[in-house]
Amino acid sequence: MRRLQGGALCVWSLTNAIHVMDANPILLTEDAASETCDLLLQHLLHWQGLKQECDAMGQKRWKLRPKHHTLEKIMFFTQATRLNPRCLATWQDESYLGKIKKIGTHCHSGNVMQRIFQRLILNWSQRWMETKRHANHAELNGRS
């Protein structure tokens, strides 16, 4: 039961931190910055507590991930500057660069730049059409 509550607190604190960041402009007020940092700290501490508890029981759960170190840096940066991390975040850049690299490795070096952009546009078009198709399907089934 205690681990369930700890897990719920992890999710709750991170969700509320994101909610506070989403509801504010690029420069946070003192209160919003403080609340965001407190919620991020709660998330990290509860996660760490769950990890230690599971380690003591010999269970391989709640392993700390490298992103938690980044989250801690974001928390300290927000505390020092009051800049909203949601307005500055580039969390998806690594996976996006991975996609570009994967496309580029399959192209001839003579026209790699042109082909990367052509294939990216093609990929975006396919994703857009799939999203549109799912939206139409949901609308036909009475779901919004």
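1. In this predicted model, Glu 30 is exposed, with a relative accessible area of 56%, and its side chain takes part in a salt bridge with Arg 82, where the closest N and O atoms are 3.4 Å apart. The pair links distant parts of the chain, since Glu 30 belongs to helix H2 (residues 30-56) whereas Arg 82 sits in the loop between H3 and H4, 52 residues apart. Arg 82 counts as partly exposed, because its relative accessibility is 26%, a value that falls between the 20% limit for buried and the 50% limit for exposed residues.

2. A second salt bridge joins the side chains of Asp 22 and Arg 86, at 2.9 Å from N to O. This pair, too, links distant parts of the chain: Asp 22 lies in helix H1 (residues 2-22) and Arg 86 in helix H4 (residues 85-88), with their positions 64 residues apart. Asp 22 is partly exposed at a relative accessible area of 48%, and Arg 86 is also partly exposed, at 36% relative accessibility.

3. The structure holds 3 salt bridges, and the one still to be described is formed by Asp 55 and Lys 51, whose closest N and O atoms are 2.5 Å apart. Here both residues lie in helix H2, 4 residues apart, which is about one turn of the helix. Asp 55 is partly exposed, with a relative accessible area of 44%, while Lys 51 has a relative accessible area of 19% and therefore counts as buried, the cut-off being under 20%.

4. Turning to the interior, the largest nonpolar core has 12 residues, among them Ala 17, Val 20, Met 21, Leu 28, Leu 44, Leu 71 and Met 75. Helices H1, H2 and H3 each supply at least two residues of this core, and H2 gives the most, with 6 residues. As a general point, nonpolar side chains tend to be buried together in soluble globular proteins. Within this core, Val 20 may be worth a look in the viewer: leaving aside its neighbours within four places in sequence, Val 20 is in contact with Ala 32, Glu 35, Thr 36 and Leu 39.

5. On the surface, there is a nonpolar patch formed by Ile 26, Leu 27, Phe 77 and Leu 88, which together have about 350 Å² of accessible area. Phe 77 has its place in helix H3 (residues 66-81) and counts as partly exposed, because its relative accessibility is 39%.

6. As for the chain as a whole, there are 6 helices and 0 strands, so that, read from the N terminus on, the elements run α-α-α-α-α-α. The radius of gyration is 21 Å, well over the 15 Å that the globule rule gives for 144 residues, and the chain is therefore more spread out than a compact globule. The C-alpha atoms fill a box of roughly 55 × 45 × 40 Å along the principal axes.

7. Some totals complete the note. Buried residues make up 23% of the 144 residues in the chain, and the chain exposes about 11000 Å², of which carbon and sulfur atoms supply 59%. Among the contacts in the chain with a separation of 6 or more, residues 24 or more positions apart account for 62%.

How values were computed
Residues numbered from 1 in each chain as written. Predicted model: local features only at pLDDT ≥ 70, side-chain atom pairs only at ≥ 80, totals over all residues. Heavy atoms only, no water. Patch = residues over 30% accessible without salt bridge, like charges linked within 9 Å, V, L, I, M, F, W, Y side chains within 5 Å. Areas by Shrake-Rupley, 256 points an atom, 1.4 Å probe, with all protein chains shown as cover. Salt bridge = Lys/Arg side-chain N within 4 Å of Asp/Glu carboxyl O. Buried < 20%, exposed > 50% of the residue type's maximum accessible area, 1.4 Å probe, protein only. Rg over C-alpha atoms; globule rule 2.2 N^0.38 Å. Contact = heavy atoms within 4.5 Å. Core = buried A, V, L, I, M, F, W, Y, C linked by side-chain atoms within 4.5 Å.
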